[in-house]
Amino acid sequence: MRKEIEIGGNNYSFVANAATPIYYKQFFNKDLLASLTSGEGLQIASDALPELAFIMAKQADKADMMNLKYKHYIEWLEMFDALDIPLHAEEIISVYYNNVETSAEPKKKGKGARNA
């Protein structure tokens, strides 16, 4: 999923796909799915939010994900004011959540259901 989000008066692209958790783990040495799972449903830890946003932004930029360095993360964060990312948390997280939700209908109907 790709989405443009206005942050601090500028538009930024974010992309989430099946590679997002792999890139996240490779770069931050953390399991993204563990960071997202909490209590009743999916939530994201406050420290994981800018990390996830960075990975999705770099995917949108078609960056060389295998050669990202920590300095790239810091440089990216320096583009924002302190509260820019937390204030847009819902929009940023929705990019990832909408990517993992399924819209497919089940192929099989419940037991005993037959076409008449």
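# Briefing: helix packing, aromatic pairs and individual residues

In this predicted model, the contact between helix H1 and helix H3 brings Thr-20, Tyr-23, Tyr-24, Phe-27 and Phe-28 of H1 against Ala-48, Glu-51, Leu-52, Phe-54, Ile-55, Met-56 and Gln-59 of H3. Sorted by character, the residues of this contact comprise nine nonpolar, two polar and one charged. Several residues of H1 return below among the aromatic pairs, where Tyr-24, Phe-27 and Phe-28 belong to a cluster of linked rings.

**Helices H1 and H3**

- H1 spans residues 20-28 and H3 spans residues 48-60, and the two helices pack at an angle of about 115° with their axes 10 Å apart.
- The handedness of the H1 and H3 crossing is right-handed.
- Within H1, the buried residues are Thr-20, Tyr-24, Phe-27 and Phe-28. Viewed down the axis of H1, these buried residues fall within an arc of 75°, so they line one face of the helix.
- As general background, an α-helix has 3.6 residues a turn, so residues three or four places apart point the same way.

**Aromatic pairs**

- Eleven aromatic pairs are found when the whole structure is searched. In one of them, the rings of Tyr-12 and Phe-80 have centres 5.0 Å apart and planes at 55°, so this pair is classed as tilted.
- The Tyr-12 and Phe-80 pair links distant parts of the chain, since Tyr-12 belongs to strand S2 (residues 10-15) while Phe-80 lies in the loop between helix H4 (70-77) and helix H5 (84-87), 68 residues apart.
- Both partners of that pair are buried: Tyr-12 has a relative accessibility of 16%, and Phe-80 has a relative accessible area of 9%.
- A further aromatic pair, formed by Phe-28 and Tyr-73, is edge-to-face, with 5.1 Å from centre to centre and 80° between the planes. Phe-28 is part of helix H1 and Tyr-73 is part of helix H4, so this pair ties together parts that are 45 residues apart in sequence.
- Phe-28 counts as buried at 11% relative accessibility, and Tyr-73 is likewise buried, with a relative accessible area of 6%.
- Ring pairs join Tyr-12, Tyr-24, Phe-27, Phe-28, Phe-54, Tyr-70, Tyr-73, Trp-76 and Phe-80 into a cluster. Among these residues, Tyr-24, Phe-27, Phe-28 and Phe-54 also take part in the contact of H1 with H3.

**Buried residues and their contacts**

- Val-95 is placed in helix H6 and is buried, with a relative accessible area of 0%. Setting aside neighbours within four places in sequence, Val-95 is in contact with Met-1, Lys-3, Ile-5, Phe-14, Val-15, Ala-16 and Met-56.
- Although Val-95 and Ile-5 are 90 residues apart along the chain, their C-alpha atoms are separated by 9.8 Å.
- Leu-32, in helix H2, is also buried, with a relative accessible area of 0%. When residues up to four places away in sequence are not counted, Leu-32 touches Thr-20, Pro-21, Tyr-24, Leu-52 and Tyr-96.
- The C-alpha atoms of Leu-32 and Glu-51 are 9.6 Å apart, and these two residues are 19 residues apart along the chain.
- His-88 occupies the loop between H5 and helix H6 (89-100), and at 18% relative accessibility His-88 counts as buried, the cut-off being under 20%. Apart from residues up to four places away in sequence, His-88 touches Ile-5, Glu-6 and Ile-7.

**Positive phi outside glycine**

- By way of background, most residues other than glycine have a negative phi.
- Asn-29, which follows H1, has a positive phi of about 55° although it is not a glycine. Asn-29 is found in the loop between H1 and helix H2 (32-36), and Asn-29 is exposed, with a relative accessible area of 67%.
- Lys-62 is another residue other than glycine with a positive phi, in this case near 55°. Lys-62 lies in the loop between H3 and H4 and counts as exposed at 69% relative accessibility.

Technical notes:
Residues are numbered from 1 along each chain as its sequence is written. This is a predicted model: local features need pLDDT of at least 70, side-chain atom pairs count only at pLDDT 80 or more; totals for chains, interfaces and linings use all residues. Side-chain values use heavy atoms; hydrogens and water are left out. Axes are lines fitted to C-alpha atoms, for helices over the stretch in contact, and angles run from 0 to 180 degrees between N-to-C directions. Helices (H or I, at least four residues) and strands (E, at least two) are DSSP runs, numbered from the N terminus. A crossing is left-handed if the near helix is turned anticlockwise from the far one by less than a right angle, and right-handed if clockwise. Contact means heavy atoms within 4.5 Å. Ala, Val, Leu, Ile, Met, Phe, Trp, Tyr, Cys and Pro count as nonpolar, Asp, Glu, Lys and Arg as charged, and the others, Gly among them, as polar. Buried means under 20% relative accessible area, exposed over 50%, partly exposed in between (1.4 Å probe, protein chains only). The arc is that of the directions from the helix axis to the C-beta atoms. Rings of Phe, Tyr and Trp (its six-membered ring) pair if their centres lie within 6.5 Å; planes under 30 degrees apart count as stacked, over 60 as edge-to-face and the rest as tilted.
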